[in-house]
Amino acid sequence: MKKVILLVSMIVLFSSCSDDDTNTEVIAENVVISNTESFTYNLGGFGDEEGASIRTQAGHFEVSELERDFNSGQVIYTYQPLAGYVGTDFVEISAARGSDGASANTEITLVKITFNIRE
């Protein structure tokens, strides 16, 4: 199975909520893949109290999951469309960082990936 990463565009927006000291970053990715390929997205490293979760699950997938390598702390998202599917799909991932071990995470990243799936 061939893995291809083709990023068409990336938009990064920043916002801050002054009442709770939480910063939110939104990353929008547009990805073009064939319906026989898989796509991986490295969310980076996370500490023990930090992590990522799928906030909005894709709708047309054989694989749409997050895996954490506990040795490196890296979290990788993997997507593979349904066999034969042609069209668009979408996933939203929330990543939380900035915990000091005693308080909540203060850095939230929302990664919104739109897949354009071709034959």
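# Charges, rings and strands

Visitor: Why is K112 called partly exposed?

Guide: Its relative accessible area is 30%. Buried would need a value under 20% and exposed one over 50%, so K112, at 30%, falls in between and counts as partly exposed. Keep in mind that this is a predicted model.

Visitor: What makes K112 and E92 a salt bridge?

Guide: The closest N and O atoms of K112 and E92 are 3.5 Å apart. The cut-off is 4 Å, so this pair qualifies as a salt bridge. It links distant parts of the chain, with K112 in strand β8 and E92 in strand β7, 20 residues apart.

Visitor: And why is E92 called buried?

Guide: E92 has a relative accessible area of 9%. Buried means under 20%, so E92 is buried.

Visitor: How do you know that R55 also forms a salt bridge with E92?

Guide: Here the closest N and O atoms are 3.3 Å apart. That is within 4 Å, so R55 and E92 count as a salt bridge too. R55 belongs to strand β4 (residues 51-56) and E92 to strand β7 (residues 87-97), so the pair ties together parts that are 37 residues apart in sequence. The structure holds 2 salt bridges.

Visitor: Why does R55 count as exposed?

Guide: R55 reaches 52% relative accessibility. Exposed means over 50%, so R55 earns the label.

Visitor: What makes R55, E92 and K112 one network?

Guide: Shared partners do it: R55 forms a salt bridge with E92, and K112 forms a salt bridge with E92 as well. Salt bridges that share partners join these residues into one network.

Visitor: Let's turn to the rings. How many aromatic pairs are there?

Guide: The count comes to 2. One of them is F39 with F115.

Visitor: Why is the pair of F39 and F115 called edge-to-face?

Guide: The two ring centres are 5.6 Å apart, and the planes stand at 75°. Centres within 6.5 Å make a pair, and planes over 60 degrees apart make it edge-to-face, so F39 and F115 fit on both points. F39 sits in strand β3 and F115 in strand β8 (residues 107-118), so the pair ties together parts that are 76 residues apart in sequence.

Visitor: How do you know whether F39 and F115 are buried or exposed?

Guide: F39 has 1% relative accessibility, and F115 has 0%. Both values are under 20%, so both residues count as buried.

Visitor: What makes Y79 and F115 a stacked pair?

Guide: Their ring centres are 3.9 Å apart and their planes lie at 10°. That angle is under 30 degrees, so the pair is stacked. Y79 lies in strand β6 and F115 in strand β8, so this pair ties together parts that are 36 residues apart in sequence. Y79 is buried, just as F115 is, and F39, Y79 and F115 form one aromatic cluster.

Visitor: How do you know that a charge sits over the ring of F46?

Guide: The charged end of R97 is 3.8 Å from the centre of that ring. The distance limit is 6 Å, and R97 does count as sitting over the ring of F46.

Visitor: Now the strands. What makes β3 and β5 the edges of their sheet?

Guide: The open sheet has 3 strands in the order β3-β6-β5, with antiparallel pairing. β3 (39-45) and β5 (61-68) each have a single partner strand, so one side of each is left without a neighbour in the sheet. Neighbouring strands of this sheet are turned by 10° against each other on average, direction ignored.

Visitor: Why are β3 and β6 said to pair?

Guide: They share 6 bridges in the antiparallel sense. At least two are required, so the two strands pair. Within this, G45 has Q74 in β6 as its bridge partner.

Visitor: Why is I27 called buried?

Guide: I27, part of strand β2 (residues 22-34), has 11% relative accessibility, which is under 20%, so the label is buried. The C-alpha atoms of I27 and K112 are separated by 6.1 Å, although these residues are 85 apart along the chain.

Visitor: How many helices and strands are there altogether?

Guide: The protein chain has 0 helices and 8 strands. Of its 119 residues, 38% are buried.

Key
Residues numbered from 1 in each chain as written. Predicted model: local features only at pLDDT ≥ 70, side-chain atom pairs only at ≥ 80, totals over all residues. Heavy atoms only, no water. Helix = DSSP H or I, 4+ residues; strand = E, 2+ residues; numbered from the N terminus. Axes fitted to C-alpha atoms, helices over the stretch in contact; angles between N-to-C directions. Buried < 20%, exposed > 50% of the residue type's maximum accessible area, 1.4 Å probe, protein only. Phe/Tyr/Trp six-rings, centres within 6.5 Å; stacked < 30°, edge-to-face > 60°. Lys NZ or Arg CZ within 6 Å of the ring centre and 35° of its normal. Salt bridge = Lys/Arg side-chain N within 4 Å of Asp/Glu carboxyl O.
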